[in-house]
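Open the model in your viewer and keep the selection panel at hand. The stops below go from overall confidence to the ligand and then to a pair of helices.

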Amino acid sequence: MQPIDFSLALCGFGPANSGLLFSLAKSGTLTAVAPRGVLIIERGRSLGSGSLSRYKIPSNTLADVILECVCDERLPAAMTRLRQRSSTIARLERMRGEAPDLDLVSECLSDAAELLVSDLSQRHRIALRREHRIEAVTVRDDGMFDLVLRSRSGEQVSARVATLVLNLGGTQADESGASLRDLLHGVPPGNVPVLHSDPILQYSESDLLARLSPHIGARRTLVVAGSSHSAFSVIERLAPVSERLGLARIVLAHRSPPRFYYRDVAQAQAFGEHVDVQQDVCPLSGRVNRLGGLRFRTADVARQVFETQRLDRHRIAIEPRHVAIGRSAPGATGDLSDVAAIITCFGYRPRLPLLWDSAGAPLRLAEDEHGLTTDDVGRPMRDDGRVIRGLFAFGLGSGMSIGTEVGGEPSYRRRLDGIWLYHNHVGAKVTTGMLRDIHRDDRGISANITVASRLETR
Ligand SMILES: Cc1cc2nc3c(=O)[nH]c(=O)nc-3n(C[C@H](O)[C@H](O)[C@H](O)COP(=O)(O)OP(=O)(O)OC[C@H]3O[C@@H](n4cnc5c(N)ncnc54)[C@H](O)[C@@H]3O)c2cc1C
């Protein structure tokens with residue numbers, strides 16, 4: 001059977017790829033990027049919210065920012081109906097200036113994505129495959145990608161596309177033994193179970209109790225490792241169930257102190273912060289720790305933990321401990337022998353389908369500790385630093401590093417991720433990259449290109 005043929009495939013339709021579609025629609029570039037249409041492939045049933053819908057924590061984004069993303073006046077038809085139909089918009093309107101829970105943000109993103117796809121389908125060729133997984137991708141010599149999709153019932157579907165955007169979310173990276181020893185202040189991790197923060201942020205309270213109870217018996221300390229948004233969100237989830245779990249304390253093992261977001265240097269100084277104006281201030285906005293800083297509820301949790309070793313009215317003791325990488329001598333503190341489990345709150349690796357070249361050899365994409373390594377328009381690199389034209393990935397576990405056009409504090413080393421960025425700077429950069437590759441491929445196809453010639457040195 002002939003594969004279905006499209007200009008663009010958006011694989012995974014969570015916040016990253018739906019943000020890109022919003023960005024294409026707002027900038028009026030959808031036809032230029034996808035003259036033969038868009039294929040949307042989503043493993044789940046709902047669109048737009050991805051894994052955010054599963055977290056039972058507050059967002060780190062203001063309601064105003066979500067509204068700005070989905071109620072843009074460049075999308076009049078769709079957004080008039082969104083305002084009329086979606087009760088989540090009205091609820092977000094009432095929460096301006098606050099950071100809503102992620103379930104409300106997700107509902108809104110989902111309503112908006114449904115409406116956007118249905119609105120765009122009136123004027124563009126858009127095929128939506130819900131409950132389909134992308135399994136494998138072959139990079140062809142003629143500049144196209146062959147995709148193998150699988151429906152929930154097991155049916156296989158083939159598709160051929162010119163531009164491929166892979167945003168399938170991420171999974172949390174495992175920690176090495178050496179790193180765990182550091183986190184436990186030299187106590188050999190031995191039989192201490194290592195859990196990831198991601199499921200902890202998703203469990204209901206009863207699931208949290210059921211999952212953690214078996215680990216806590218005579219050992220009554222939990223170590224939470226990290227100082228990011230996730231680490232303080234985990235503490236916020238654990239504190240209310242700590243007595244029922246029989247926990248005596250939570251140790252927050254952090255390699256670097258938490259960074260807080262401030263409107264400007266003056267506000268940071270009023271809080272007694274030392275600001276490195278070269279490293280910590282976004283040159284475009286003047287914000288301090290704009291990308292990596294804790295804000296809203298997680299900032300409040302972090303301040304309470306560091307100032308009072310408690311959270312709200314909960315009795316559990318929460319002890320912050322600074323961990324120097326590679327310098328924790330065995331038994332340095334000696335009081336961590338009762339650790340029941342360690343919960344790591346570190347970065348994400350990308351979820352990817354199988355990737356092959358036209359000869360059937362596997363294609364490996366380069367990663368570092370922050371996820372896929374991509375160029376300044378969101379194209380993942382291979383181990384040798386070259387990129388494959390037409391292939392993009394920029395969501396969780398992938399993403400771009402900061403650049404002058406995006407702004408952000410120079411000290412920020414992780415990837416750019418976040419709803420606003422997908423809808424704005426990141427979406428615009430990826431669009432530029434897609435258009436650039438389409439024009440190069442036009443020339444390439446007439447010159448009968450091969451996979452090797454599609455690899456570009458950065
Ligand atoms: C705990 C946490 C909280 C966060 N909070 C915020 C916040 O408050 N504000 C903010 O701006 N950002 C936040 N982020 C950052 C970022 O916005 C989210 O991680 C966001 O979910 C990333 O979107 P994504 O589309 O890359 O991934 P995901 O949300 O994981 O979406 C991936 C999509 O791909 C689908 N998929 C997976 N595999 C396949 C397959 N094989 N085939 C087809 N489809 C597939 C999934 O079903 C899913 O819909 C948070 C991140 C984390 C980890």
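Start by colouring the chain by pLDDT. This is a predicted model, and the protein chain averages a pLDDT of 89, with 91% of the residues scoring at least 70.

Next, select residues 443-451. Here pLDDT stays under 50 throughout. The model has 14 contacts beyond four places in sequence for residues 443-451.

Now select the ligand and the 33 residues around it. Which of them come nearest? They are Gly-12, Gly-14, Gly-50, Gly-169 and Gly-395. Colour the shell around the ligand by class: 14 residues are nonpolar, 14 are polar and 5 are charged.

Keep the shell displayed and add secondary structure. Helix 1 (15-27), strand 2 (38-42) and strand 4 (132-139) each supply at least two residues of the shell. Which element gives the most to the shell? Helix 1 does, with 3 residues.

Stay on helix 1 and add helix 6 (residues 102-121). The axes of helix 1 and helix 6 come within 11 Å and cross at roughly 45°. Angles from 35 up to 65 degrees are neither roughly parallel nor roughly perpendicular, and helix 1 and helix 6 are therefore oblique to each other. Their crossing is left-handed.

Finally, show side chains where the two helices meet. On the helix 1 side, select Pro-15, Ser-18, Leu-21, Phe-22 and Ala-25; these meet Leu-109, Ala-113, Leu-116 and Leu-120 in helix 6. By class, the residues of this contact between helix 1 and helix 6 divide into 8 nonpolar, 1 polar and no charged.

How values were computed: Residues are numbered from 1 along each chain as its sequence is written. This is a predicted model: local features need pLDDT of at least 70, side-chain atom pairs count only at pLDDT 80 or more; totals for chains, interfaces and linings use all residues. A residue is near a molecule or strand if its C-beta atom, placed from the backbone, lies within 6 Å of it. Helices (H or I, at least four residues) and strands (E, at least two) are DSSP runs, numbered from the N terminus. Ala, Val, Leu, Ile, Met, Phe, Trp, Tyr, Cys and Pro count as nonpolar, Asp, Glu, Lys and Arg as charged, and the others, Gly among them, as polar. pLDDT is the predictor's confidence in each residue, from 0 to 100. Two residues are in contact if their C-beta atoms, placed from the backbone, lie within 7 Å. Axes are lines fitted to C-alpha atoms, for helices over the stretch in contact, and angles run from 0 to 180 degrees between N-to-C directions. Angles under 35 degrees count as roughly parallel, over 145 as roughly antiparallel, 65 to 115 as roughly perpendicular and the rest as oblique. A crossing is left-handed if the near helix is turned anticlockwise from the far one by less than a right angle, and right-handed if clockwise.
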